[in-house]
Each structure stands twice: as C-alpha cells, then as structure tokens.
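Welcome! Here are a few exercises to work through with the model open beside you. Try each task before reading its solution.

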There are 2 protein chains.
Amino acid sequence: MAEGPTINTIAERAGVSIASVSRVLNGLPTRQETVRKVLAAAEELGYVRNAVARSLKSRRTHQVAFAMADIGNPVYLAMVRQIQPVLKAAGYRLVLHSTDAIVADEIDVLHSLGERYVDGLIMSPLRVTNEHLKMIATARAPVVIIGSVPEGTRVDNVRADSRTGVRLAIDHLYELGRRRIGFVNGPLDTVPGAARAAAYGEALKERGLPYDEEIVEVGDFYRAEGARAARALLDRAPGVDALMCANDLIALGALDVLRAAGLRVPEDVAVVGMDDTDLAAASWPSLTSVSLGSAERGKAAAELLLDRLNDMDSQPRVVTVAPRLVIRASTAGEAAVLGVRGETSGETVNIPLQSKGGTP
Amino acid sequence: MAEGPTINTIAERAGVSIASVSRVLNGLPTRQETVRKVLAAAEELGYVRNAVARSLKSRRTHQVAFAMADIGNPVYLAMVRQIQPVLKAAGYRLVLHSTDAIVADEIDVLHSLGERYVDGLIMSPLRVTNEHLKMIATARAPVVIIGSVPEGTRVDNVRADSRTGVRLAIDHLYELGRRRIGFVNGPLDTVPGAARAAAYGEALKERGLPYDEEIVEVGDFYRAEGARAARALLDRAPGVDALMCANDLIALGALDVLRAAGLRVPEDVAVVGMDDTDLAAASWPSLTSVSLGSAERGKAAAELLLDRLNDMDSQPRVVTVAPRLVIRASTAGEAAVLGVRGETSGETVNIPLQSKGGTP
DNA sequence: GCCAGCACCGTAAACGTTTACAGCGAAAGT
DNA sequence: ACTTTCGCTGTAAACGTTTACGGTGCTGGC
C-alpha cells in the first residue's frame, strides 16, 4: 500500500513536464518521442490516474446515486438491475442509498448532492413532501424521480400507471366471476397507497360493483403487515372471493393467512399482487401480479439522467410506463399456469432467468 | 444549478480567512464571535462542503465498493442488504459493481482501486485466478474477499462452508429414506462448483452410498441452465428419488422440470437447493435449502473491511460462517412446513419479512 | 515598562490533476 | 536575412479543501 506514483513521478522519470504527461495520458497531440517516454515511465511505475484529483478539476465524478426506500424490497432491486448496466455502459459508477422511507434521510441525500460526490441522482421516494419539492428545485445536481410528483413540478420523472394496473386486475377477477373483491392496501399517505386506493374505487365503479369499506384494509407494504391486514379483513368479512393486494409482499402475507385458514387459492379466494417481482413467479401458489414495469422504469430513469447530464438546459421530461397483468395460479389455478408455460414458454416463467452468475 | 459557495465565499462574507472558516466547520477551537459569524454566513449561503476537494486533501473518500458477479442473483443482494447498513453506520457510502463473473472485469475493478475513488473493496469472485491473487497482493486499497482463496493468501477473507452444508442436505435426504440422490451442479471451474462437487462425493461416502456419475450433471448457476441439466439427468436416470442442487436457482429450474414431467415433489423426488434465498421460501412448493449464511457473510465482510480501514497493519483474518439446513416442503411435504410455521413462527417464514418499505 | 505566555487568526503550501498561456526552436515565406 | 508560422513543450494557476507555521494583540508577572 505504498504511496502511488503521480504525474510528477512520471514527469521526473521521463524527463518531461507534468503538462506533457497529462497531455499524453489524455491523448492530446504530442511528439511521438515524448509519448513513448511517458508511456514507458507510466508503465514501469504502474501509474493509475487519481480519480479524486481529476474530479476536483473537471467537476465531474462519473458517479450517480440511486436512493431507494428499502434495499430489501425486490422492486428496487429490479430497478437497480437495470440502472446499473445503463450507467456502466456510459462510464458511470452507481452509489446506493437506502433511506428506509424516512423523509429526513431522503432530504439528507438531496442535500448531500451539494457535496458534489455524484453527478446526478435517481430517487424513488414513497412520500413526496413539500420539503422534497423544495430541495429538488434547488438541488445542485440533476435529479430524476421515480414515482409521481405534483403537476407542474419541473423535474425529470418516471411514472407507473397504478390506475390502469389496478383496473386490469379487477377486470380479470370480475371476468373470473368474482364479485366480492377485497383490497389490502399500504399506507394512504404514500404516493402509491393513495393512487391504488383511488384506482380500486374507480375500477369497482366501472364494473358496477359497490364500494364496501368492510372489505378494504390498510396495512403496510411488507409481508408481515400484509398478513396482519389480510387476517383482519377475513375475520371481518369471511365472504370475500378475491383479494387485490397493493404489492407482492402484501399478497404473500395474504397467501400465508389463507393457507393457515384452510382456504384454497384460487378456488375459495383468488389473490392478485402488484409489482410482479421475482417472488410472484416463485411463490406458492404462483402469484398473479400486476407488473408496473419496475425494470422499464429503472432503465428509463437511468436514460433520462444520462440525457440530462449531457444537456442541462432541455425541458424536463415525464415517462410513463404501461402496466400489464401477469396471470398465474393464484387466480387462474395450476392448469392455467401450465398452459401458459407450454404456449409462451415465457414471461411468467422466465423473469427470474435473467439471473446469471452463481454463489461464492 | 448555480455555482455553489465555497469556503472562500464564506470567508469573504464573514470577514475572516478561509483557515478560520475551515476551523469552525471542523469544530476546532475558535473564538465564539468568529464561530457565530462563520456559521451565519454558511447558513445564509447554503454552504455544503465539497466532498471531492476534501477527499483529495484527506486521502479518504468515505466510499467502499462491492463487486459481485451478478446483481441479479439474490445471494449478492442478501449481502448488499447487510453490507449497506453496516457501512452507512460507519459513515461510508456503497459503490456497486456488477462484473458478470468476467475475470477481466474483476481485474479491472481491482486495478481501479488505484484511482482512489474508494477507500476499500469487498469482492466476491466466482473464479479466483492467479491474476486475481497478484492484483490483490499489490492493491492500493484494502480488499476483503467473500469466498475461498488459496491457503496462505494474505487477505481478509469470509468463507462459507459448502462441505458441511452439502453434508447436512445429504444427511437429511438419507434420513428421509432417499438412496438415489442426484446432484445438479454449476461449473466445476468455479470455486463453489468445485467445492460442492467434492462435498457431494464425500457426503455420499460417509453414508455408504455409491458415487454414480450417471446421476450427476453439470450446468450453470441459473434457472434455465438448472432446468436443462435437471432434464438431462432425469432422462438418463429416471430412478432418482432426490435432487441435490448447487444453488436455489438451479433448484427452481429442477422444480419446473419435475412439475412438467408430472413428478410429485417431494413424494417422487425430493429437492434441496442452496443459499436459502428469498425465492426458496416463496417457491412452489417451498424449497428446502442449505443456508450458507449470505447475510452473515456480507455483514462479516463489511466489518472486516471497517476494521482494516482502522488498522492497516494487523494480520489478515479469516471468518467462516456455519451453514444450516432450512427444511421446507420440497423435502418434508406441506405438513412439515405448516408444522414448522406453527412452532417456531420463525426462520422459514420470516426471512422475506425483513423487507420494509413499499412500492413507488 | 518589558517580556513571556497565550489565544486566536491569517498566509501559504499542499493534495494530484487539467489547461491557458507563453516560450522556444525549426521550417517556411518574403 | 528577417519575420512569420507552426509544432511542441514548460510554467503556473486553478479546482476547494486542510493544516503547519508564524504573526498579532492581549494578559499577567517581574
């Protein structure tokens, strides 16, 4: 771990000035003889350019941050999986922040953009407060938000369409003959929670089903809370024949509860999740889920950010990713799943196959 | 995105020198009046310290890199989940690299340590070549390796114990009365592949079972390849009554194949995976899996690295994490799973519950 | 009244780059 | 032969911090 060589060391050994060394290393026009000497010296010394000094001068770190609510949630991981290669291809490194959905932590990340250790930020906040908006407006580096922001906010923005997503699910359940469709949601003060609640109400209305608050329960976006909420709902209203869940983790919790209660899925109760994470494809029974395009959103966000880094002055853009319904056993039964597998060999089964590499 | 204030701006406005500003901002003893003026100026200007300049001077970036073979593999994500909070608590940021298990890319990451944009590196290579070892020995920043390295390599090192892990699984299958236990492995030129192959042979011998290469198949560590390999094995040797799989993704592939072949799991063929990822708990049927302690290994690696950063001269350490067998439906049937769930409320079900946060 | 001691502060150098600018020698134009 | 041009190179400043060192003005002791 000896002190490494710098361009000074090279300059000395090659008998030239540091300016020449820098020019050679950056491929600027230089006499052939000088190039040779410098490269030889650099090679002998095992020189590696100091990225920190370079960043100080060039005001570019070639790093980008991604701030997510929870690194344990597969949704964010699906995003990271897409963001990373896009950035890598453009020569950027990815710095990860897990904020645990704590507003203060998110504000802190935004604030720390001023430290200039990254060139830009992709953030996916669960709640968007005024403080968020103020910080985004004055941020010292470009920001891309994954998730909805108030109309008129000047920021590059990638959105899902929960409304359509929920409708796809409710329509599917309706067509299967389900009429008492319960809803297990996450907190209403989160952006997705609020959007999905509204969408559920609308979708019922479109189908002429009554809104019954007895079969709606609010918990939180993780498995244990999903289980708790589903249990409460079932105790109160044993007659539900379907459960729409606001994400896959909630749906997995609901499956646990239904299994423990001796109810069959989907014969007695059909279950739909949301986000279409790896867990949906692998669950037991496999979970019908509304894909909100996490992968596509991650990719889009990375691309928006790269564009922004190349052109600071263009208008902010909004990208909306279309949802789609991935039908599996928890609504259509095992037969349907086998059918799907046979035909399309595809989507439902292949998603986790992206995974390469092994285990150390 | 205006040019931000620097300590010069503050010094000017507060009517003091930049040295005083720096002292105040770093909490060094200063007259009360000066402190007040500087802090007021900093506040008014919305000053944020430039991390790059600070790093250049202090030779510390407070960043740490984690290089994994594949960001899509849940094993590495389990590690990231543990590494991140440990580093965050110590004031470090996490930079992610996905090398796709390409040796050249891994060497490149090691090489780039010379750029000094991170203070240290955690790496989990699938294959360890001489080039790896050479680069590690001469690296310009401390490195922690997750995975086995040759005896005598001077590097902080966290290992799993595949040998014991495989034995746990084989013993379990033996006790269930299985006698023809097939093995679906990953590439033999990888560290885990080689270790697991050796362990499988030993475990059979201990139980007095013959080694039969007809029921051993080598594929790769992901689902599609696992499925391919399992299919080949079953075609060749229809009589197997259990499949030991070298990781969970392979096991999921095997489950796909068994289901398609109309074989019941575990009645006809019991299946064991390895790594105990989230997917194992969620799969269909839920998958008995050998946990090699990915989470613990990630945590241990982060702690080793932090210790090393605080003391560059101490002896390298090796931490070995003990494996354990998590029994689920793919060997013990559904009853057993319900049983376990009732009793311990625990391990088998709780693992994915760590997940907090929701979906944007 | 003089000097030592002290608390505080400013000047300047340093970290390792990039780059504007000027200098220099040689080839080319008048 | 004298300038102009040109290609190449070196000097030095700059990026925004931290910090060693010396200076200043004050207090207190003799």
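In what follows, Ala, Val, Leu, Ile, Met, Phe, Trp, Tyr, Cys and Pro count as nonpolar, Asp, Glu, Lys and Arg as charged, and the others, Gly among them, as polar. Please keep in mind that this is a predicted model.

**Exercise 1. DNA strand C**

Task: Find which residues come nearest to DNA strand C, and sort the surface near this strand by class.

Solution:
- Step 1. Start with the surroundings: 24 residues lie around DNA strand C, and A:S22, A:Y47, B:S20, B:T34 and B:R59 come nearest.
- Step 2. Sort the surface near DNA strand C by class, and you get 8 nonpolar, 9 polar and 7 charged residues.
- Step 3. Turn to the DNA side, where 62% of the atoms of strand C within 4 Å of the protein belong to sugar or phosphate and the rest to bases.
- Step 4. Look at single phosphate oxygens of DNA strand C. A polar side-chain atom of B:R59 lies 2.8 Å from one, a polar side-chain atom of A:R54 is 3.1 Å from one, and for A:N26 the distance is 3.2 Å.
- Step 5. Now place the surface on the fold: α1 (7-14), α2 and α4 of chain A, together with α2 and α4 of chain B, each give two or more residues to it.

**Exercise 2. DNA strand D**

Task: Work out which parts of DNA strand D are approached by A:S17, A:R31 and A:K57.

Solution:
- Step 1. Among the 24 residues around DNA strand D, those that come nearest are A:S17, A:T30, A:T34, B:S22 and B:Y47. Sugar and phosphate make up 60% of the atoms of strand D that come within 4 Å of the protein.
- Step 2. Take A:S17, which has a polar backbone atom 2.9 Å from a phosphate oxygen of DNA strand D.
- Step 3. A:R31 uses its side chain: a polar atom there lies 3.1 Å from a phosphate oxygen of DNA strand D.
- Step 4. For A:K57 the partner is a base nitrogen of DNA strand D, 3.1 Å from an N or O atom in the side chain.
- Step 5. Finish with the classes: the surface near DNA strand D divides into 8 nonpolar, 9 polar and 7 charged residues.

**Exercise 3. Where the two chains meet**

Task: Describe how chain B and chain A touch.

Solution:
- Step 1. Count the residues: 90 of chain B are in contact with 87 of chain A.
- Step 2. Add the area. The two chains bury about 7300 Å² between them, 60% of it on carbon and sulfur atoms.
- Step 3. Look for charged pairs. There are 4 salt bridges across the interface; one of them joins A:K88 and B:D105, with the closest N and O atoms 3.5 Å apart.
- Step 4. See which element helps: helix α5 (residues 74-89) of chain B gives the most to the side of chain B that touches chain A, with 9 residues.
- Step 5. Follow the strands. Strand β2 (residues 93-98) of chain A pairs with strand β2 (residues 93-98) of chain B in the antiparallel sense over 3 bridges, and A:V95 has B:V95 as its bridge partner.

**Exercise 4. Unusual backbone spots**

Task: Is the peptide bond from B:V265 to B:P266 cis or trans?

Solution:
- Step 1. Check omega: near 10°, so to speak the mark of this bond, which is cis.
- Step 2. Locate B:P266 in the loop between α11 (248-260) and β9 (270-274) of chain B.
- Step 3. Go on to B:W284 and B:P285, also joined by a cis peptide bond, with omega about -5°.

Notes
Residues are numbered from 1 along each chain as its sequence is written. Chains are lettered from A and ligands numbered from 1 in the order in which they are written. This is a predicted model: local features need pLDDT of at least 70, side-chain atom pairs count only at pLDDT 80 or more; totals for chains, interfaces and linings use all residues. Side-chain values use heavy atoms; hydrogens and water are left out. Contact means heavy atoms within 4.5 Å. Buried area is the accessible area (1.4 Å probe) that two parts lose on being put together, summed over both. A salt bridge is a side-chain nitrogen of Lys or Arg within 4 Å of a carboxyl oxygen of Asp or Glu. Helices (H or I, at least four residues) and strands (E, at least two) are DSSP runs, numbered from the N terminus. Two strands pair if DSSP finds at least two bridges between them. A residue is near a molecule or strand if one of its heavy atoms lies within 4 Å of it. A polar contact is a pair of N or O atoms within 3.5 Å; within protein, one must be able to donate a hydrogen and the other to accept it, and residues adjacent in sequence count only if both atoms are side-chain atoms.
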